[in-house]
Amino acid sequence: MKRLSLLLVFVFCLGGTTLAQAQTTPSSQAIAFVQSFYDWYLPIASYNVAIKRRSELFDSILLRALRNDATAQAKAVGMIDGLDWDPFLSTNGDPAPHFKAIRATGSLVTVVGFDKQPSNSLVTVMIEVRCKEDRCVIVNVLYPAHDGLKESDLLSILRELHPPKKSTP
């Protein structure tokens with residue numbers, strides 16, 4: 001009887017785990033990934049450090065564009081050549097003290113930076129992610145129009161700052 005009870009407890013626990021795993025949706029996976037990224041990123045607040053330490057978090061196209069920008073900045077001693085602001089925190093000054101991934105729509109996760117309440121956001125960005133099975137990567141960062149600035153995205157900004165070199169025949 002004792003073995004039967006233990007077996008039932010074991011089966012019940014496994015069933016609960018399977019049910020919890022089945023309830024993980026692509027949206028919740030994307031939100032969890034982005035929130036985890038911001039929890040790790042906010043204390044360092046350096047995309048240069050992020051692409052060196054955690055390159056696996058970025059899609060190859062975005063990673064290459066960020067590396068190109070970092071290389072150009074390193075060569076431009078005493079000048080600005082490239083991003084002069086943090087692309088994930090959307091600031092060139094002190095970032096909002098808190099960032100929260102609040103919702104996902106398709107491949108876009110909306111993130112708000114705030115001081116005390118997420119409903120009073122100081123900054124909003126949308127992180128485009130691609131998730132496969134148990135792994136997600138950041139594909140792009142979208143910036144909504146605000147304060148007279150038009151809507152933009154990180155890959156387009158990086159392409160404008162560092163246009164691809166034309167090959168000569």
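## The hairpin of strands 3 and 4

Strand 3 and strand 4 make a hairpin, and just two residues sit between them. This is a predicted model, so the turn is worth reading with that in mind. One of the turn residues, E133, has a positive phi of about 50°, and E133 is a residue other than glycine. E133 belongs to the loop between strand 3 and strand 4 and is exposed, with a relative accessible area of 75%.

Strand 3 covers residues 121–132 and runs antiparallel to strand 4, with seven bridges joining the two. To pick out a pair by eye, look for R130, which stands opposite V137 in strand 4. Strand 4 itself spans residues 135–143, and seven of its nine residues are buried, so the rest of the structure largely encloses this strand.

## A disulfide across the hairpin strands

Searching the whole structure turns up one disulfide. The partners are C131 and C136, and their sulfur atoms are 2.0 Å apart. The link of C131 and C136 is right-handed, with 105° about the S-S bond.

How do the two cysteines fare for exposure, and which is buried and which partly exposed? C136 counts as buried at 7% relative accessibility, while C131 is partly exposed with a relative accessible area of 29%. The cut-off that separates them is 20% relative accessible area, since buried means under that value.

## D59, a loop residue by the hairpin

D59 comes from elsewhere in the chain, in the loop between helix 3 (47–53) and helix 4. Leaving aside residues up to four places away in sequence, D59 touches R130, V137, I138 and V139. Two of these contacts, R130 and V137, are the residues that stand opposite each other in the hairpin. D59 is a buried residue, with a relative accessible area of 9%.

## The rest of the sheet

Zooming out, the sheet is open and has five strands in the order 1-2-3-4-5, with antiparallel pairing. Strand 1 (98–105) and strand 5 are at the edges with a single partner strand each, so one side of each has no neighbour in the sheet.

At one edge, strand 1 runs antiparallel to strand 2 (residues 108–114), and seven bridges join them. A101 has V111 in strand 2 as its bridge partner. At the other edge, strand 4 pairs with strand 5 (residues 152–153) in the antiparallel sense over two bridges. There, Y143 stands opposite S152 in strand 5.

## The chain as a whole

What does the full run of elements look like, from the N terminus on? The order is α-α-α-α-β-β-β-β-β-α, which comes to five helices and five strands.

Of the 169 residues in the chain, 34% are buried. As for how the chain comes together, take contacts between residues at least 6 apart in sequence: 44% of these join residues at least 24 apart.

## The largest pocket

The largest pocket has a volume of about 390 Å³. It is lined by 15 residues, and A65, N68, H162, P163 and P164 are the closest to its centre. Helix 4 (60–75) and helix 5 (154–161) are the elements that give two or more residues to this lining. Which of the elements gives the most to the lining? That is helix 4, with eight residues.

By class, the lining of the largest pocket splits into seven nonpolar, three polar and five charged residues.

## The second largest pocket

The second largest pocket holds about 260 Å³ of space. Its lining takes in W85, S90, T91, Y143, P144, H146, L149, K150, E151, S152 and I157. Five of these residues are nonpolar, four are polar and two are charged. Y143 and S152 are worth a second look here, as they also stand opposite each other where strand 4 meets strand 5.

S90 is another lining residue to check. Its phi is positive at about 55°, although S90 is not a glycine. S90 lies in the loop between helix 4 and strand 1 and is partly exposed, with a relative accessible area of 24%.

Definitions and conventions
Residues are numbered from 1 along each chain as its sequence is written. This is a predicted model: local features need pLDDT of at least 70, side-chain atom pairs count only at pLDDT 80 or more; totals for chains, interfaces and linings use all residues. Side-chain values use heavy atoms; hydrogens and water are left out. On a 1 Å grid over the protein atoms alone, a cavity is a set of points where a 1.4 Å probe fits but cannot get out, and a pocket is an open set with protein on both sides within 12 Å along at least five of seven lines; lining residues have an atom within 4 Å of a point. Grid points are joined across faces, edges and corners, and a volume is the space filled by probe spheres set on the points. Helices (H or I, at least four residues) and strands (E, at least two) are DSSP runs, numbered from the N terminus. Ala, Val, Leu, Ile, Met, Phe, Trp, Tyr, Cys and Pro count as nonpolar, Asp, Glu, Lys and Arg as charged, and the others, Gly among them, as polar. Buried means under 20% relative accessible area, exposed over 50%, partly exposed in between (1.4 Å probe, protein chains only). Two strands pair if DSSP finds at least two bridges between them. A disulfide is a pair of cysteine sulfur atoms within 2.5 Å. Contact means heavy atoms within 4.5 Å.
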